[in-house]
Amino acid sequence: MSKAASHGKKLVIVESPTKMRSIQGYLGDGYEVLSSVGHIRDLADKRDIPADKKQAYGKYSIDIDNGFDPYYVESERGKKTVAELKRALKGADELLLATDEDREGEAIAWHLLQTLKPKVPVKRMVFHEITKDAIRAAVDNTRELDLALVDAQETRRILDRLYGWDVSPVLWFKVQQGTSAGRVQSAATRLVVDRERERMAFVSASYWDIEALAAPNRPQGLDEAFATRLARVDGAALARGTDFDDRGELKKAVLVLDEAQVRELATAIEAAGEASVSALESKPGTRSPKPPFTTSTLQQEAGRKLSMSAKHAMSVAQRLYEKGFITYMRTDSTALSAQALNAAREQAVAMYGDKAVPPNPRTYRSNSKNAQEAHEAIRPSGETFRTPADVSNELDRDELRLYDLIWKRTMASQMSDAKYETTTVTLVVDAGGRRAEFTASGTVYTFKGFLEAYEEGRDEKRSDADKADDQSLPTMAVGDVLRLKEVEPKGHSTSPKPRYTEASLVKALEEKGIGRPSTFASIIDVILNRGYVTKRGQALIPSWLAFSVVRLLEQHFADLVDYDFTAALEDDLDAIARGEQKREDWLKEFYFGSDQQVGLRNIVDNLGEIDARALNSTPIGDVATLRFGKYGPYLEVADKENPDAEPRRVNIPEDLAPDELTPERAQDLIDAPVAGDRVLGENPANGKLVIVKDGRFGPYVQEADPPAEEEIDEATGEVRPVAEPVEAPAADGTPAPKKRAPKKAPAAPKPRTASLFKSMSVDTLDLETALRLLDLPRVVGTDPETGAEITAQNGRYGPYLKKGTDSRTLQSEQQIFDITLDEALAVYAQPKYGARGASSALKEFENDPTSGKPIKLKDGRFGPYVTDGETNATIPRGEEAMEISFERAVQLLADKRAKGPAKRPARKTAARKPAAKK
């Protein structure tokens, strides 16, 4: 931070360092602009509550018996920030709180006010774009702090704390430690699980039709051939995928032909070789552009068109906003200001001509009555829009791609409708006495309008298979005879609803009113990081852990994961933001209950018995039961002949989605030979067998004693262990003396085991490699300076070298076998950063504006990260490390500081057992 302002300056506080630099340049020397780096304080952790307040605030950091009063504490980073802001405030004659114009921004401003306790006039400065004109206008048009917005944010924060801290412990005990419940994340997880349940229950149906190419019967007619599909036979409509329900049954009376019938019909059609045009219909149509982007639609389109995750899209949008290229990116509004309307229309005319825009500007109605969001759509900033080419040298790759998307969408939203004409033709074939009717459609755009600039992407739908590709039809007339060729029977199967992608999940959350668009990115990030959902390409697949969590919540906290109830909570928070609802009254009803609802506390206090085993069990037909245990999912297979016997456990492949675990697939897994348990050979050093196995925690090798010697009884052919020699009686017939019973043998030493490297396979592992694994850690050599032994080994976080207590990361597992002493010494000669060896910087930037130290991009044990020597920030998933810009690095470090230091779990001490009574 800069030094305290000189007397007479106005102090402006914003949220981020990037925004701080931009605004300082627009306001000049009469102002000092500083950053709070996000929130400066939050609800306390239990350990941070003073002893005299533990009784009132101890459980939630909220006094639920006295107006739900929250107990806030400043973070370590917040304390430093507050101290610097107070020093700057001493020399200021006015304070302008310029945080974002939404609930979160209003709350940050309120917390600053409560903490700084300024003695100078305070004004609330709001803007939704960072341009010189907008900032100057914001200074001239300040307002008072909106306490209704503050109440709404505080209510949401308290609500989430009560929900999470009351419900999550139930999951810890009944499902798995580390699981969590949340007001919005649990509903989002249920959406993904519900879609997978639909897929699991889905019954596919088969149907057949015929496709053919039709061409005019004239010279060069084959060049005009178009695709047709059989639609009716003898007047009866042929079945399509949309005619079947999810149980595979028909929803209406249509004709379903099997393969033999279709092939017979196709042969007759091919023999006929021609068709006549029986009907020809043309219809004009128009398409209107979509509104400019809101937060939700931006996330959806960035996912569809740019393959960006919601989190990544919002991160890039944040940078564009703070650098002054777009308006505020958290908004439900589709409205554009008068200057934006003019800018979009003028640019469309300049690029596509006068007809590109309608006579009057387009206006769009927003479905949201939400009071918290900014009042304009996301658009390029300024009175005139800069083209992507104009700003290409100022933006990184992702910023430019997203800016291009926003620029096109905004301009297209003000352009003219597209006009088209769709022609549908019906062809009749006499197929051996049966009337076969084919249809085809073609669309021709007579005026492209807004499509010149932009066309919205679309999500996958299961009816897509029934839709023909766009094509243009040749000139025809009723009665014309066309040639048919490439007559081909086609078999189809109905498919279940597609899995959610991030884009379609965001759309579903918005449609159901679950959460706020500004939180969708963080919601999806949470359910991914918790392991409730994984990604296969763009598809979101729920884990079996998610099934157990959702099942518990549905059975015991039904209201809390009910979609309508969750949406109603959002409506109530909106009502608080508009001043129509009182914060304390609403929280009291939610927590303690009323005539209208049970109340969270009553639900938790009356849970009753929860059968954890049943909760974590899913029958897979009558073949097996899927169990979710401490170490993940597995199949439990009962012995039908001996029900009391210990059930067999069968591992499930990690990449097998829940809907793919059918009874047939489960039986295949049960019947498959057990992977591993393959004898590789004998260890020449000790004579033990070396076996490769596939265990619950992955493949490994193990030593085992060879089987006991056996002999064959020549009389019976029985195989039996070699008998120990029996001592013969004495010559006088006296029996041999009995031997004393041997002392209890000590416990046998555990066999040596070693995990396979990630690059190794159970099927291809050989004895030599297995012996090398069993001999790990490998002694690389001795440090000539210290005499300390250097070893190479594999650990929880990957391969590493060890010399005493000093360890260094290796770049690959193969180095464990290959690294030489000289190479190891070279690794140790490199400077060490913190508790691990620091790799050389991949990229270096200017000094961080907060710490004043140079920022470096490095590659660490857990992936690439940026650091200024004081703070480390991991590069988020989905972002290319080498494309990180200086501004993005500054933002990542600022965000990490805002979170404060990582919390270390409290060390548990084992309870001492009382001495046994004598």
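**Close-up views of a predicted model**

**View 1. Glu 488 and Lys 490 are joined by a salt bridge.** The closest N and O atoms of Glu 488 and Lys 490 are 3.7 Å apart, where a salt bridge is a side-chain nitrogen of Lys or Arg within 4 Å of a carboxyl oxygen of Asp or Glu. Glu 488 is partly exposed, with a relative accessible area of 41%, and Lys 490 is likewise partly exposed, at 26%; buried means under 20% relative accessible area, exposed over 50%, and partly exposed in between, with a 1.4 Å probe and protein chains only. This is a predicted model, in which local features need pLDDT of at least 70 and side-chain atom pairs count only at pLDDT 80 or more, while totals for chains, interfaces and linings use all residues. Residues are numbered from 1 along each chain as its sequence is written, and side-chain values use heavy atoms, with hydrogens and water left out.

**View 2. A salt bridge joins the side chains of Arg 536 and Glu 660.** The N to O distance in this pair is 2.8 Å. Arg 536 lies in strand S16 (residues 533-536) and Glu 660 in the loop between strand S21 (648-651) and helix H21 (663-671), so that the pair links distant parts of the chain, 124 residues apart; helices (H or I, at least four residues) and strands (E, at least two) are DSSP runs, numbered from the N terminus. Arg 536 counts as partly exposed at 36% relative accessibility, and Glu 660 counts as partly exposed at 29%.

**View 3. Glu 455 and Arg 287 meet through their side chains in a salt bridge.** The N to O distance is 3.2 Å. Because Glu 455 lies in the loop between strand S14 (434-447) and S15, and Arg 287 in strand S12 (residues 274-287), the pair ties together parts that are 168 residues apart in sequence. Glu 455 is partly exposed, with a relative accessible area of 42%, and Arg 287 is partly exposed as well, with a value of 28%.

**View 4. A network of salt bridges links nine residues, among them Arg 183 and Asp 574.** The other members are Arg 103, Glu 104, Arg 156, Asp 160, Asp 332, Arg 516 and Glu 570. The structure as a whole holds 65 salt bridges.

**View 5. Thr 566 is placed in helix H17 (residues 563-577).** With 0% relative accessibility, Thr 566 counts as buried. Leaving aside residues up to four places away in sequence, Thr 566 touches Arg 183, Ala 187, Gly 513, Ile 514, Leu 560 and Val 561, contact meaning heavy atoms within 4.5 Å. Arg 183 also belongs to the salt-bridge network of the preceding view.

**View 6. Ser 493, in strand S15 (residues 481-493), touches residues that include Ser 204.** Ser 493 and Ser 204 are 289 residues apart in sequence, yet their C-alpha atoms are 6.2 Å apart in space. When residues up to four places away in sequence are not counted, Ser 493 touches Ser 204, Ala 205, Ser 206 and Tyr 207.

**View 7. Helix H3 (residues 76-90) has its buried residues on the same side.** This helix of 15 residues reaches 22 Å from its first C-alpha to its last, close to the 21 Å expected at 1.5 Å a residue, the expected span being 1.5 Å times one less than the number of residues. The buried residues of H3 are Arg 77, Gly 78, Thr 81, Val 82, Leu 85, Ala 88 and Leu 89. They cover an arc of only 125° around the axis, which puts them on the same side of H3, the arc being that of the directions from the helix axis to the C-beta atoms. On the other side of H3, Glu 76 and Lys 90 are exposed.

**View 8. Tyr 321 and Tyr 328 form one of the 12 aromatic pairs found in the whole structure.** Their ring centres are 5.2 Å apart and their planes stand at 65°, so the pair is edge-to-face; rings of Phe, Tyr and Trp (its six-membered ring) pair if their centres lie within 6.5 Å, and planes under 30 degrees apart count as stacked, over 60 as edge-to-face and the rest as tilted. Tyr 321 and Tyr 328 are both buried.
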